[in-house]
Amino acid sequence: MLLTRGSVALNGDVVRPREFVPRLKALLEGKVRPEDKVVVVKSKPEVPYRHWITYTTLIEEAGGIITVLREEEQEVRVP
């Protein structure tokens, strides 16, 4: 899931807020193992905290398990 200030996308498809839970439930349907219910959450830095909390709560309510994707930059020096 990609979360921005004004949109949310599931598997690359932008989803309207009212369609988010039904679409996520459809994606999770039939999944029984916890590792199959993982929803990777990537958010842009400008996303308000309350917006992030709203969507992560919806993921949990739909039966998903949240995993946060963090991007880290590392400088590598080549000799």
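Modeller: A salt bridge here is a side-chain nitrogen of Lys or Arg within 4 Å of a carboxyl oxygen of Asp or Glu. The model is predicted.

Biologist: Which residue forms a salt bridge with Arg 23?
Modeller: The closest N and O atoms of the pair are 3.6 Å apart. That falls within 4 Å, so the pair meets the cut-off. The partner of Arg 23 is Asp 13.

Biologist: Which elements does that pair link?
Modeller: The two residues are 10 apart in the chain, and the pair links distant parts of it. Asp 13 sits in strand β3. Arg 23 sits in residues 17–28, which is helix α1. The link is between β3 and α1.

Biologist: Are Arg 23 and Asp 13 buried, partly exposed or exposed?
Modeller: Buried means under 20% relative accessible area, and exposed means over 50%. Arg 23 has 33%. Asp 13 has 42%. Both values lie between the cut-offs, so each residue counts as partly exposed.

Biologist: Which residues are linked in a network of salt bridges?
Modeller: Glu 35 and Arg 33 meet at 3.5 Å, N to O. Asp 36 also bridges to Arg 33, with the closest N and O atoms 2.9 Å apart. Arg 33 takes part in each of these bridges. The network is Arg 33, Glu 35 and Asp 36.

Biologist: What relative accessibility does Asp 36 have?
Modeller: Its network partners are partly exposed: Arg 33 has 45%, and Glu 35 has 49%. Asp 36 also counts as partly exposed, at 30%.

Biologist: What is the strand order in the sheet?
Modeller: The protein chain has 2 helices and 5 strands. From the N terminus, the elements run β-β-β-α-β-α-β. The sheet is open, has 5 strands and shows mixed pairing. Its order is β3-β2-β1-β4-β5.

Biologist: Which strands stand at the edges?
Modeller: An edge strand here has a single partner, so one side of it is left without a neighbour in the sheet. That applies to residues 13–15 and residues 65–68. They are β3 and β5.

Biologist: Where does the mixed pairing show: which strand runs antiparallel to β3?
Modeller: Strands of a sheet pair through backbone hydrogen bonds, either parallel or antiparallel. β1 and β4 pair in the parallel sense over 2 bridges, and there Leu 2 stands opposite Lys 42. β4 and β5 also run parallel, joined by 4 bridges. The antiparallel partner of β3, joined by 3 bridges, is β2.

Biologist: Which residue in β5 is the bridge partner of Val 40?
Modeller: Val 40 lies in strand β4, residues 38–43. That strand is joined to β5. The bridge partner is Thr 67.

Biologist: How much accessible area does the nonpolar patch with Val 40 have?
Modeller: Val 40 is partly exposed, because its relative accessibility is 38%. Patch members need over 30%, so Val 40 passes that cut-off. Val 38, Ile 65 and Leu 69 join it in the patch. Together the four have about 290 Å².

Biologist: What radius of gyration does the protein chain have?
Modeller: Its C-alpha trace spans about 50 × 30 × 20 Å along the principal axes. Of its 79 residues, 25% count as buried. The globule rule gives 12 Å for 79 residues, and the chain is well over that, so it is more spread out than a compact globule. The radius of gyration is 15 Å.

How values were computed
Residues numbered from 1 in each chain as written. Predicted model: local features only at pLDDT ≥ 70, side-chain atom pairs only at ≥ 80, totals over all residues. Heavy atoms only, no water. Patch = residues over 30% accessible without salt bridge, like charges linked within 9 Å, V, L, I, M, F, W, Y side chains within 5 Å. Areas by Shrake-Rupley, 256 points an atom, 1.4 Å probe, with all protein chains shown as cover. Buried < 20%, exposed > 50% of the residue type's maximum accessible area, 1.4 Å probe, protein only. Rg over C-alpha atoms; globule rule 2.2 N^0.38 Å. Pairing = 2+ DSSP bridges.
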